Structure formats: structure tokens, C-alpha cells
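Me: Please take a close look at one part of this structure, the part that holds the parallel strands together with what surrounds them, and then follow the chain onward from there. I would like one connected account rather than a list.

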Amino acid sequence: MRGYKTFLTRMRGVPVAGALAGILALAAFQAPVRAQEPQPLRIGLMGTFSGPASIYGKHMRDGFMLAVKQSNGALGGLETSIIETDDKLDPELAVDQVTKLIEENGIDVLVGVNFSKIMLAVHDPVVRSRTLFIGTHSGPAPIAGRSCSRYFFSTGAQDDQVHETMGRYASLKGYQNIVTIAPDYEAARDAVAAFRRHFKGQIARDFFPRLGSTDFSQEFEQIAELQPDAIYAYMPGGMGVELVRQFHTSGLKGIVPFLSSDTINEITLPYTSEQAEGLFSASSWAPNLDNPANKRFVREFGREYNYAPSVYAAHGYDAAKLIHFSLELTGGIKEQEALMSAISAAPFESVRGDFRFNSNQFPIQDFYLVEGVRRTSTLYEMEAVARVFDDVGDAYSGSCRM
């Protein structure tokens, strides 16, 4: 058996056709084992499912569960048991929860995680246990680079990439003088640094209001005095909602372009609606991407849950589809080495269209400029209006050594 594991390990990165031939050979070798009663596939689904940030976990979970439902509750033909775990945005609790999932529940795969501080807490304990881990959104720099692991795959993106996308777009537009605004905490400062990585102009001023601030009147007064070519904002959640509302009434809308990341999206649009119309963000996904998988996802998600999906839902959906088609590629074998080799081939149609795994097992994918648009008198959506990066990997893959 060890020889077959070594063989499959060497196949990683081989085109799908070659991977399929090897995996089928393994399936034939294991035919007597497959004749036994198949064991259920046990998946731990971790996200933030309570508190103010639970909306992100809800979108991810609903996207994942939609794909499970489309597979009749059996990903890859295996009866699938989902153990949902709320990290409550508490890193210490999250570590306790994943330990329980691995040691007591015996999960085959851990899926999920919405926020970087949770990912940084649970990543190392999970991969040290040699448990297969598929991240759906959070991608801190360390786990994409020097702390990468062959047991970790991401269907999301590395955290810096949406900020880099807006930096590149600002340069392509020829903006020379920009102000940035982001909360005063480490991840937000990292976001601004990522924007700067691809922006070739000058930063007139960085604004870092206190985390939790809801009054940005002084910042907008100073921005008006500075007269920048554009504003770049990284302001997630409720702070972003207030920032957009106050930008709308500041007198700057229509005069100073508003560029953002993780500020305007399908989660905040119900609260900002017309105030976000015409404002820009960056994303790896949008509901109007023209491919069959995405059209089916958007249609069936709305029908199932009666609300519009977000990029968090799209990443969760892709995670389940990745597992499903990887198991189909193995012929229903969930033996870890076989499954990991199948996953590395990314044998599924992503809702994003082009998708393959880089050497650090984060996606190589496209990134878009997206805009808040009005569909009807009450419906607002994000629409991809330009492709900014085509088939791009993250900045940390070169530091990954597996």
C-alpha cells in the first residue's frame, strides 16, 4: 500500500487525464476493499455562526449545503455527514472545537473558516494531525507561504489579492494621488500595504479610524481638502455600511471615485442599496459571471434560500463541488492520499470559471472590478465590469515548500 501512496503523491500537479488513469489503477488495486460496506464521509464545517459576524458563516454554510443537496446528500456517491461547528470568532474555542472534531468525531475533512484570526489559530493543529483541510475564504499570508501544508487547500483566495486588485486598477486608471481609509488594526494595515504593492502613484494620506468607529465626518472633511484622484477603502462589516452611507451624503460622491475591497458586497448591499450604486470593489466572483456553473448556482441558491448569494457563498459552494468531483475521480475512494491527489487536479467546474491550484494549493484565478448596480427598484447586485487580473496566483506561493 505504501508504494501506491508514494505513486499518488508523485502524481500531484499531473493533468486530470493522467491523474485519472493513476487513480483508476489504485481503485482496481483496492477493489476488494470497496466491496465492503462504504463508510460515510464525515465533514466538519467550521464557521462563525453566531454574533454580529454570523452572516458570513451563514452565506458560506448555505453555499456548501446547496452543493450537498444537489448531490442528494452524498458527495461523490458517499453518504455525507456534516458536523457544523461555530467558532464564535474565538481562536481558543476554535482550537478546542477542531480538536474535538478530529479526535472524537473522526472527521475525514475540515471545511470552512471565515476570518483570519481563526484560520491562524486552527491551521497548524489541523495540518499537524494530517487532517485534510479545505479553506473557503480566509487566506493569511503565512499559510500561503512558509507555513503552507500539503493537507491544506483553499477554494477562496489569499487575503491580499482583492486589495492588490484595486491597487492595479487604480494604476491602470492613471490615478496619481489617492487617500486610503481602513480601521486601525493589523489586518487592515496589511490590506493597505497590499493595495500599495500594485499602486504606482502617491498616497496623499492614510486614515486609520479607531476600530468600531461609526462617524467619518472628520475624515471626509479632510479628504475634501486634499482633493485626491480617488479614495481606497478597506472597511468590512458595519463600519463599511456607515462609511458608504456617509460618503453618499458627504458631497464627494460623483466627484471622487470610491474604490474598495471587502466594503461593498452582497452582504452589505441590503443595508446600503442606492447609496452603494456606482461604487467599486474587487472580487474573484460576481453573480453575472457568464458560465453554466455560476448561472445554476445563482439561480438555485436564490430559489433555495430566498436571498442573493455572496462571494462567501460561492467559495463554500465550490468547496463542496471540489470534494464531490474529486471523490468521483477516485471512484468513491476516500483514502486520504487518493483524495488529495484528486483534489489537486481541481476536477470540477468552478462558479468562477477558470480555476486551478497553484504550488501552494491556493487558487490561480481571475479577479474583477465589481460595481454596485440597480437591477430593479428594490434589488441591487454586484456586477463584474472588468477583469483586472487574469489567471493570477498570490504573492506568497514562491515561499511555499511542501
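Reply: A residue is called buried when its relative accessible area is under 20%, exposed when that area is over 50%, and partly exposed in between. The model is predicted, and what follows should be read with that in mind.

The part to begin with is an open sheet of five strands, arranged in the order β2-β1-β3-β4-β5 with parallel pairing. Because β2 and β5 (152–154) stand at the edges and each has a single partner strand, one side of each is left without a neighbour in the sheet. From one strand to the next, the twist averages 20°. As background, the strands of a sheet pair through backbone hydrogen bonds, in either a parallel or an antiparallel manner.

Within this sheet, β1 (residues 41–47) and β2 (residues 80–86) run parallel and are joined by seven bridges. Two of the pairings can be followed residue by residue: Leu41 has Thr80 of β2 as its bridge partner, and Gly44 stands opposite Ile83 in β2. Together with helix α4 (residues 54–70), β1 and β2 make a right-handed β-α-β unit.

Helix α4 itself repays inspection. Its 17 residues should span 24 Å at 1.5 Å a residue, and its end C-alpha atoms are 24 Å apart, which agrees. The buried residues of α4 are Tyr56, Gly57, His59, Met60, Asp62, Gly63, Phe64, Leu66, Ala67, Val68 and Gln70. The cover over these buried residues includes strands β1, β2 and β3 and also helices α11 (237–249), α13 (292–305) and α14 (311–330). After α4 comes Asn72, with a positive phi near 55°. A further helix, α5 (residues 91–103), lies across β1, β2 and β3 (109–112), and it runs at about 160° to β2.

Toward the other edge of the sheet order, the loop between β4 (132–135) and α7 (141–144) contains His137. This histidine has a relative accessibility of 18% and therefore counts as buried. Leaving aside residues up to four places away in sequence, His137 touches Val113, Asn114, Gly156, Ala157, Asp159, Tyr312 and His315.

Following the chain onward, helix α8 (residues 161–172) has 12 residues and reaches 16 Å from its first C-alpha to its last, close to the 16 Å expected at 1.5 Å a residue. Nine of its 12 residues are buried, so α8 is largely enclosed by the rest of the structure. Those buried residues are Gln161, Val162, His163, Glu164, Thr165, Met166, Gly167, Tyr169 and Ala170. Gly174, which follows α8, has a positive phi near 80°.

Next come strands outside the five-strand order described above. Strand β6 (residues 177–181) is largely enclosed by the rest of the structure, because four of its five residues are buried. Strand β6 pairs in the parallel sense with strand β7 (residues 202–207) over five bridges, and in that pairing Val179 stands opposite Arg205. A right-handed β-α-β unit is made here by β6, helix α9 (residues 186–198) and β7. Strand β6 also runs parallel to β8, to which four bridges join it, and the bridge partner of Ile181 in β8 is Ala233.

Two loop residues further along deserve a careful look at the backbone, given that most residues other than glycine have a negative phi. Gln227, in the loop between α10 (217–226) and β8 (230–234), has a positive phi of about 50° although it is not a glycine. Its relative accessible area is 63%, so Gln227 is exposed. Asp262, in the loop between β9 (258–261) and α12 (269–272), is likewise not a glycine and has a positive phi of about 55°. With a relative accessible area of 23%, Asp262 falls between the two cut-offs and is therefore partly exposed.

Finally, the record gives a frame for the account: in an unreviewed UniProt entry, the annotation "domain: Leucine-binding protein" covers residues 40–372. In the model, the end C-alpha atoms of that span lie 42 Å apart, and the span is 43% helix and 18% strand.

Definitions and conventions: Residues numbered from 1 in each chain as written. Predicted model: local features only at pLDDT ≥ 70, side-chain atom pairs only at ≥ 80, totals over all residues. Heavy atoms only, no water. Buried < 20%, exposed > 50% of the residue type's maximum accessible area, 1.4 Å probe, protein only. Contact = heavy atoms within 4.5 Å. Pairing = 2+ DSSP bridges. Right-handed = clockwise from strand over helix to strand, strands pointing away. Expected span 1.5 Å × (residues − 1). Axes fitted to C-alpha atoms, helices over the stretch in contact; angles between N-to-C directions. UniProt positions renumbered as here; feature names shortened; annotations may be inferred.
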